[in-house]
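The following account leads the reader through a protein model, moving from one region to the next. Please keep the sequence and the structure in view while reading.

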Amino acid sequence: MDLRIPRIEIRRSSSDTQLDKVQGIRGASVYNIHGLAGSQGSLSIPPIHKDVPGYRGSNEFILSDDKKSTMDQLREVGPWCRRKYRSIFRKKILYKRVPVFNWLPKYNMDDAVGDLVAGFTVGLTVIPQALAYSSIAGLPAAYGLYGSFLGCFVYIFLGSCKDVPMGPTAIASLLTFQVTHGIWQRAVLLAFLTGLIELLMGLFALGFLIDFVSGPVSSGFSSAVALIILSSQIKDLLGIAAKGNTFIEQWQSILDDIHNTQLGDAVMGFTCIVVLLLMRLLPRVKIGPLEVEQQSVFQKIVNKSLWLIGTARNAIIVIVCGSIGAAFYSNGQMPFKMIGNVPSGLPSIQLPPFFVPEVVDETGAVVQEYESFGDMLGSFGSMLIVIPLIALLEDIAICKAFADGKPVDATQELIAIGVSNIANSFVQGYPGTGALSRGAVNNASGVRTVFGGLYTGIIVILALLFFTPYFFYIPKAALAAIIIAAVVFMVEVRVVKPMWRSKKSDLIPGIAAFIACLALPIEYGILVGIGLNVIFILYHAARPKIHLDQLITPCGIKYLMLTPDRSLIFPSSDFVRNLINKHGLKNQTPVVIDCTHIYGADFTAAQVIDTLIKDFKLRNQMLLFLNLKPSVCNVFEGADLEYRVFYNIEQLEKAIQEIRRKSFQA
């Protein structure tokens, strides 16, 4: 391990003419220099000033790292590239970035059975959800299914979490609608570009960006999105026409057309919501003993049947309501608004569309204007960053929920969902990610590996090949009920109480994000929440806590010890200076700044400390530093500060006594 210890350069002052005098003074001061992996080296530096023990900055010594010439640095570029190449193309990296190599050799029959059951169960869930989510995205029902199978296959090879089922989600569908406004060419291109950005973020290890979205902001965003999605489905629930991007616009449109409510759609929609909420409780119903080992065969079958009915409730509602729709359908007369024709068969594999063609109706009027690739790219705007981040947030939420204490690799998940979205764009799918609701079903079904996605994808393919003619009869009100019954639980009211108890100020960015997402376009809403979080962080950095101790030397001289609790950076430097000056003026005793917790400083802070030193000098008041880190010394030396620093409390108190004695003699 290469542990570099700063080099000491001794500068001669006018008072020190002989190096022997400097070397003759000894002290107990020691730098503790911490390297990698917990290694530690130590460097002893003798006190230098001939009158006062300690170190005097910009006069007696300077700490500096060995510097290399430009040519030496250029010569090291080639070896550095070779080292990086060897480090990337290693077996360990290959197994990390293609996780299938880790679990496939250990795959057994128990894993196969667990994955088969889970994949089939999730498949029953994903089909009705895909049909419903495509309506949120403003696209024909088939596009939800197109984005629900190929991504599952890709995730088998690259995914690191067994519980993640790739496919459309409610949030991704809403974001897609706000960008594409129901134009399928835009939606497919958005999937391609979103996947490309996610892949690049993964390759450059930018998964840490989600750390800037705090829990309160995420909760506020999710709750607002749930209400927006719920509002977007009211029109199908009531059988009316309504539109709008924001929460306010949607409800204004709903209220304008609510007098056209269709009784059949409303009755079916509200009935489905009630039934779905009741069926949601079935998995909790148990007969017989709580312990599975103590249950009889009949009790196990009943409990498992109740669990399966509750889990597959969406599919059951779709089948029952579709059957009702088919029974009442007569020669084009529909008692409910139905989703209509869904193209049969698999989508063709083709490049994503890089333009939107012009569409005219029979009268020659332009229904859809031509858009070039540049126009489409411009319409996406900041959503090209927001959608990948939100997709990663949704995916990581599943990974953390079922991680069982294992670490979550955000970078690998970015690569997996990125490649999955790119693949989906070649089969006309729109952006997707892992869905938390389907992830919970996956986990509860006993999934063992990511191979369960194979069976989910196969079920979607079978639905596209054989069952699309029957999708025609599914009422839109039933799909709206499925969405509403799901997203109503995304409103995270339950986090408000513990947040209020733990730290009330965390509610501010959460509530701000919630209100902003409802009133503004979603991308601005989440930026408001993140912006407030950043402001809070900066304020916290700009207002460090300073611990105050009034101490006495062995000879009875009082002095003040001030200990800042964090590094000195430009937002906090003036605050620290004013606070130290305030305590110095109040006590009129020597002041010592304990720099134990100051691990870094910048040039602005060095300038402010220089001004602070001059303030104390004008008052003839002593200002000393204790335990100044080498990195901070480098910053102070670069700014030519005149200061005294000590690394031993005995030497410090000795210096205070010596300086006080000399001041009395003067």
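Which residue in β12 is the bridge partner of L560? The residue is V591, which lies in β12 and pairs with L560. The model in which this pairing appears is a predicted one.

That pair belongs to a small set of connected strands. β11 and β12 run parallel and are joined by three bridges. On the other side of the description stands β10, residues 546-552, which is linked to β11, residues 558-564, by seven bridges in an antiparallel arrangement. Two of the facing positions can be named: L551 is opposite Y559, and L548 is opposite L562. Five residues lie between the strands of the β10 and β11 hairpin, where G556 adopts a positive phi near 90°. As for the surroundings of β11, six of its seven residues are buried, so this strand is largely enclosed by the rest of the structure.

With this region in mind, the chain as a whole may be considered. The protein chain contains 28 helices and 14 strands. It has 666 residues, of which 49% count as buried. Its exposed area is about 33200 Å², with carbon and sulfur atoms supplying 63% of that area. Among contacts with a separation of 6 or more, 76% are made by residues 24 or more positions apart.

The interior comes next. The largest nonpolar core comprises 114 residues, and I127 and F471 are those with the most contacts inside it. Helix α17, residues 383-401, gives this core its largest share, 12 residues. A second, separate core has 28 residues, including I546, L562, A639 and V645. Of these, L562 has already been met as the residue opposite L548.

F471 merits a further look. When neighbours within four places in sequence are left aside, F471 is in contact with I127, L131, L145, I339, G340, V342 and A463. I127 thus appears both in this list and beside F471 among the residues with the most contacts inside the core.

Two helices illustrate how an element can be enclosed. α17 has 19 residues, which at 1.5 Å a residue should span 27 Å, and the 26 Å between its end C-alpha atoms agrees with this. Because 15 of these 19 residues are buried, α17 is largely enclosed by the rest of the structure. Helix α10, residues 184-203, has 20 residues and reaches 29 Å from its first C-alpha to its last, close to the expected 28 Å. Here 15 of the 20 residues are buried, so α10 too is largely enclosed by the rest of the structure. After α10 comes A205, with a positive phi near 55°.

A further helix, α11, covers residues 215-238 and contains P216. Is P216 buried or exposed? Its relative accessibility is 13%, so P216 counts as buried, the limit being under 20%. Leaving out residues up to four places away in sequence, P216 touches M499, D506 and G510. P216 and I530 are 314 residues apart in sequence, yet their C-alpha atoms are 10.0 Å apart in space.

Aromatic rings offer another view of the packing. The count of aromatic pairs comes to 17. One of them is formed by F472 and Y473, an edge-to-face pair with 5.2 Å from centre to centre and 80° between the planes. F472 has a relative accessibility of 17% and therefore counts as buried, whereas Y473, at 25%, counts as partly exposed. Elsewhere in the sequence, ring pairs link W103, Y107, F451 and Y455 into a cluster.

Finally, two loops contain residues with a positive phi. Q588, which is not a glycine, has a phi of about 55° and is placed in the loop between α25 (570-587) and β12 (591-594). Its relative accessibility of 49% means that Q588 counts as partly exposed. N627, likewise a residue other than glycine, has a phi near 60° and is found in the loop between β13 (623-626) and α27 (630-638). At 26% relative accessibility, N627 counts as partly exposed. The loop of Q588 leads back to β12, the strand in which V591 is the bridge partner of L560.

Methods. Residues numbered from 1 in each chain as written. Predicted model: local features only at pLDDT ≥ 70, side-chain atom pairs only at ≥ 80, totals over all residues. Heavy atoms only, no water. Helix = DSSP H or I, 4+ residues; strand = E, 2+ residues; numbered from the N terminus. Buried < 20%, exposed > 50% of the residue type's maximum accessible area, 1.4 Å probe, protein only. Contact = heavy atoms within 4.5 Å. Areas by Shrake-Rupley, 256 points an atom, 1.4 Å probe, with all protein chains shown as cover. Expected span 1.5 Å × (residues − 1). Pairing = 2+ DSSP bridges. Core = buried A, V, L, I, M, F, W, Y, C linked by side-chain atoms within 4.5 Å. Phe/Tyr/Trp six-rings, centres within 6.5 Å; stacked < 30°, edge-to-face > 60°.
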